[in-house]
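Please find below my notes on the model, set out as numbered points for discussion. I begin with a question on backbone geometry and then turn to helices, charged pairs, cysteines and the surface.

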Amino acid sequence: YDLRNLFQVNVEEGRHLWAMVHLLHSYFGRDGREEAEALLMRRSGSEDTPRILGAFNQPVTSWLDFFMFAMFTDRDGKYQLLALAESSFDPLSRCTRFMLTEEAHHMFVGETGVMRVVERTAQIMRDNKGLAEDVRKHGGIDLPTIQKHLNLWFSLSIDLFGGEISSNAATYFANGLKGRAYEEKYKDHQAKEGIYPWEVYENGRVTTEEVPTRTAMNEILRDAYIQDCQRGCDRWNKTLDSYGISDRLYLPHKHFHRHIGIYAGSHFSPQGAPLTDEQWEKEKDNWIPTEADYEYEHNIMNAANFDPTKMANWIAPPKRGVNGQPAAYDYVRNEE
């Protein structure tokens with residue numbers, strides 16, 4: 001079941017790349033062909049031709065990474081595609097609307113994948129008097145480790161929206177190249193007069209300022225994305241609640257672990273408190289996955305289970321299979 005979903009996500013992400021290559025070749029002449037060639041040369045994590053955006057160079061070395069990527073980074077894709085679906089460049093708009101249907105499946109894989117890990121963790125905790133420290137003893141992934149992965153992939157993904165205040169975003173909107181997600185819900189589709197509040201970090205303190213709506217298009221999209229992510233996190237917590245577990249997962253503050261925008265180069269706790277460099281170095285291993293965390297995950301995940309009637313000990317089975325098939329259907333043939 002999980003291998004099948006992994007293969008589908010990879011195929012569809014590749015198709016999204018080729019869709020952009022097709023548009024560049026079809027409508028932008030020699031410059032488009034050269035840009036398309038550069039796109040096809042890029043490889044995640046490559047020293048010579050890495051992906052442009054940092055989240056896409058982050059190693060995905062465990063199933064939990066994959067689920068978090070599909071949950072958070074593909075959800076960024078959803079909101080970028082929703083903005084591009086409003087484009088006055090019709091070929092791009094039509095292409096992105098099709099891609100949105102595939103992003104929906106990717107987000108489903110991510111959200112339900114994390115939920116199944118959380119459910120198995122909750123089962124182990126319930127059977128061991130709710131003690132989080134017993135989870136690894138029984139081959140599960142403890143909630144603090146899940147939270148670390150959540151912190152990492154959420155923070156990497158909100159970087160993908162770009163700087164908080166952007167003249168480029170204002171220009172794209174003014175020229176009709178991009179809109180806002182769910183543009184139909186807004187009354188003013190030109191956004192010439194509105195203002196948007198945003199948080200500024202200066203001299204060790206955070207204050208609120210108001211800026212013209214057009215220059216805040218990245219932040220408007222980011223804030224809508226965060227609200228959507230919160231709904232997914234709430235569903236994970238309902239799973240914990242159903243097993244009588246009082247612990248909760250949470251989204252870190254949007255200032256946490258940022259590498260793009262005004263918060264890049266500054267340190268904040270997951271709750272948004274400013275930190276010195278020394279404080280960050282002292283606490284970061286409590287907030288971001290460590291090599292030891294990955295070593296443990298690799299140990300419990302490397303014993304791959306290809307029997308469709310069984311599930312690895314660290315993850316619960318899916319509620320239902322794909323396209324009406326049972327969850328135990330032999331989706332992927334493993335030729336040994």
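Where does H257 lie?

1. H257 lies in the loop that runs between α7 and β3. The model is a predicted one, and the remarks here should be read accordingly. Phi of H257 is near 55 degrees, a positive value in a residue other than glycine. The residue is buried, because its relative accessible area is 16% and the limit for that class is under 20%.

2. Two further positive phi angles deserve a remark. Y182, likewise not a glycine, has a positive phi of about 55 degrees. Its place is the loop between α6 (167-174) and β1 (195-202). Y182 is partly exposed, since its relative accessible area is 35%. In addition, G244 takes a positive phi of about 75 degrees just after α7.

3. Helix α7 comprises residues 217-242. Its 26 residues reach 38 Å from the first C-alpha to the last, which is close to the 38 Å expected at 1.5 Å a residue. Within this helix, the side chains of E219 and R222 meet in a salt bridge, with an N to O distance of 2.9 Å. The two residues are three apart in α7, so they are separated by about one helical turn. Both E219 and R222 are buried.

4. A second charged pair involves the same helix and the loop that holds H257. K254 forms a salt bridge with D223, the closest N and O atoms being 3.0 Å apart. This pair links distant parts of the chain: K254 belongs to the loop between α7 and β3 (267-268), D223 belongs to helix α7, and 31 residues separate them. Both K254 and D223 are buried. Salt bridges that share partners join D159, E164, E219, R222, D223, K254 and R258 into one network.

5. How many salt bridges does the count come to? The count comes to 23 salt bridges. As a general point, side chains of opposite charge can pair when their charged atoms come close. One of the pairs is R94 with D90, whose closest N and O atoms are 2.7 Å apart. R94 and D90 are four residues apart in helix α4 (residues 90-127), and therefore about one helical turn separates them. An α-helix has 3.6 residues a turn, so residues three or four places apart point the same way. D90 is partly exposed, given its 42% relative accessibility.

6. R126 also has its place in helix α4. At 45% relative accessibility, R126 counts as partly exposed. Although R126 and I245 are 119 residues apart along the chain, their C-alpha atoms are separated by 7.3 Å.

7. Is helix α3 mostly covered or mostly uncovered? It is mostly covered, as 20 of the 22 residues of α3 are buried. The helix bends by about 30 degrees at F69. The end C-alpha atoms of α3 are nonetheless 30 Å apart, which agrees with the 32 Å that its 22 residues should span at 1.5 Å a residue.

8. On the cysteines, a search of the whole structure finds zero disulfides. C233 is in no disulfide; the nearest cysteine sulfur is that of C229, 9.0 Å away, whereas a disulfide requires sulfur atoms within 2.5 Å. C233 is buried, with a relative accessible area of 0%. C95 also counts as buried, at 17% relative accessibility.

9. Which residues make the nonpolar surface patch of about 260 Å²? The patch is made by I52, L53 and I260. Of these, L53 is found in the loop between α2 (29-41) and α3 (63-84). L53 is partly exposed, because its relative accessibility is 34%.

10. A last point concerns the N-terminal helix. L17 lies in α1 (residues 2-27) and is partly exposed at 31% relative accessibility. L17 and M41 are 24 residues apart in sequence, and their C-alpha atoms are 11 Å apart in space.

Key
Residues numbered from 1 in each chain as written. Predicted model: local features only at pLDDT ≥ 70, side-chain atom pairs only at ≥ 80, totals over all residues. Heavy atoms only, no water. Patch = residues over 30% accessible without salt bridge, like charges linked within 9 Å, V, L, I, M, F, W, Y side chains within 5 Å. Areas by Shrake-Rupley, 256 points an atom, 1.4 Å probe, with all protein chains shown as cover. Salt bridge = Lys/Arg side-chain N within 4 Å of Asp/Glu carboxyl O. Buried < 20%, exposed > 50% of the residue type's maximum accessible area, 1.4 Å probe, protein only. Expected span 1.5 Å × (residues − 1). Bend = angle between axes of the 7 residues up to and from the residue.
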